[in-house]
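Subject: Handing over the structure, with notes on what was found

Dear colleague,

I am passing this structure on to you, and I would be glad if you kept the picture open beside this message while you read. My notes follow it.

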Amino acid sequence: MTTITFTDLRTALFKLGLSHTPVIAHASLKSFGEVVGGADAVLRALLDSVWALVMPTFTYATMVTPQVGPPNNGIRYGSEQDLNRMAEPFSRDMPADKQMGIIPETLRLHPRARRSIHPIQSFAGIYAEKFLAAQTMLEPLGPIRALAEAEGWALLLGVDHTVNTSIHYAEVLAGRRTFTRWAVIADRIVECPGFPGDSAGFDAITPYVAGITRRVKAGSAYVQAMPLRGLIQIVTERIKADPLALLCNRPDCMRCNAVRDSVAADVANGSQVQVPQ
Ligand SMILES: [Zn+2]
């Protein structure tokens, strides 16, 4: 197995040329091989290589499924009663979901880190207050908009586009439907609009963004970096050209099927997908 140190990581990440750039990162610790110093070493190398760092610290354990709700919402109402009983109220010190990996959680616990307070889709960051502040309940992906406006980049460390949250922001811009979900907070259940679709099909964007992607190898991991503005433009154009682009192929995927249904309804109504200005 490859062993990699903090210095190796920093040397590799520095080659991306992002030291004056705010970044949203997604990472898999085990993709690097054996990292001396673990997630802390990866985080320190990242912080040394970028200007501001944001990572998703999503918390799916807060989610509840009601008995009834809006139609065509990519959800089976009344189906998750056991999970509802286990749902935990969101608090600012709730750990990031395990499926986010250990690195976002290490960032969240960093003494200089701040975290936004969306009950499902929170982000943590360092030197990133203005990006985190761009999140509202109506615009859960506001931090990605703010990062794009600041010429930020997306960084994929040993992971592919299936975890690239910024593609969800481009889906919204392209007019693709989002979903409503519900989460428990201290004293009540809150409605969370703008919940994104499924990302399992996102890696199909790889050839389209090859021309704007910088790649380095760190240990056994491939690291990819791309400017958010370019990524968002390419994804939006892709969805405008093919409204079913980047959906997954799982026949039982409720959110991808809901997108297909809404595209079919748009076609039946003769309406074009509109791109918000
Ligand atoms: Zn899907």
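A cavity, in the sense used here, is a set of grid points where a 1.4 Å probe fits but cannot get out, and a residue counts as lining it if an atom of that residue lies within 4 Å of one of the points. Please keep in mind throughout that this is a predicted model.

With that definition in hand, we can start inside the protein, where a search of the whole structure finds one cavity of 30 Å³ or more. The space in the largest cavity comes to about 70 Å³. Its lining consists of His168, Glu171, Val172, Arg176, Arg177, Thr178, Pro196, Gly197, Asp198, Leu247 and Val259, and when these residues are sorted by class, four are nonpolar, three are polar and four are charged. Helix α7, which covers residues 166-173, gives the largest share of this lining, namely three residues.

The largest pocket holds about 1300 Å³ of space, and 46 residues line it, with Tyr60, Met63, Gln99, Phe195 and Arg255 lying nearest its centre. Several elements each supply at least two residues of that lining, and these are β2, β5 (63-64), α3 (81-86), α4 (102-108) and α10 (254-269). By class, the lining of the largest pocket divides into 23 nonpolar, 15 polar and eight charged residues.

Two helices deserve a slower look, and I suggest beginning with α6 (142-149). Six of the eight residues of α6 are buried, which means that this helix is largely enclosed by the rest of the structure; the buried ones are Gly142, Pro143, Ile144, Ala146, Leu147 and Ala148. What covers these buried residues includes β2, β4 (52-56), β7 (123-126), α5 (129-132), α7 and α9. After α6 comes Glu151, a residue whose phi is positive, near 60°.

Does the length of helix α9 agree or disagree with what its number of residues would lead us to expect? The helix has 14 residues (228-241), which at 1.5 Å a residue should span 20 Å, and because its end C-alpha atoms are 20 Å apart, the two values agree. In α9 the buried residues are Leu228, Gly230, Leu231, Ile232, Ile234, Val235, Thr236 and Ile239, and they pack against β2 (22-27), α6, β8 (153-157), α7, α8 (206-209) and β12 (221-227). As you study that list, it may help to remember that an α-helix has 3.6 residues a turn, so residues three or four places apart point the same way.

Finally, there are two loop residues to find. Asp187 sits in the loop between β9 (179-184) and β10 (189-195), and with a relative accessible area of 61% this residue is exposed, because the cut-off for that word is over 50%. The side chain of Asp187 makes a polar contact with the side chain of Arg188, at 3.2 Å, while the C-alpha atoms of Asp187 and Pro89 are separated by 8.3 Å, although these residues are 98 residues apart along the chain.

Val36, for its part, lies in the loop between β3 (34-35) and α2 (38-49), and its relative accessibility of 45% makes it partly exposed. Leaving aside residues up to four places away in sequence, Val36 touches Thr3, Ile4, Thr5, Phe6 and Ala41. Of these, Phe6 is 30 residues from Val36 along the chain, and the C-alpha atoms of the pair are separated by 7.0 Å.

With best wishes

Terms used:
Residues are numbered from 1 along each chain as its sequence is written. This is a predicted model: local features need pLDDT of at least 70, side-chain atom pairs count only at pLDDT 80 or more; totals for chains, interfaces and linings use all residues. Side-chain values use heavy atoms; hydrogens and water are left out. On a 1 Å grid over the protein atoms alone, a cavity is a set of points where a 1.4 Å probe fits but cannot get out, and a pocket is an open set with protein on both sides within 12 Å along at least five of seven lines; lining residues have an atom within 4 Å of a point. Grid points are joined across faces, edges and corners, and a volume is the space filled by probe spheres set on the points. Helices (H or I, at least four residues) and strands (E, at least two) are DSSP runs, numbered from the N terminus. Ala, Val, Leu, Ile, Met, Phe, Trp, Tyr, Cys and Pro count as nonpolar, Asp, Glu, Lys and Arg as charged, and the others, Gly among them, as polar. The expected span of a helix is 1.5 Å times one less than its number of residues. Buried means under 20% relative accessible area, exposed over 50%, partly exposed in between (1.4 Å probe, protein chains only). Contact means heavy atoms within 4.5 Å. A polar contact is a pair of N or O atoms within 3.5 Å; within protein, one must be able to donate a hydrogen and the other to accept it, and residues adjacent in sequence count only if both atoms are side-chain atoms.
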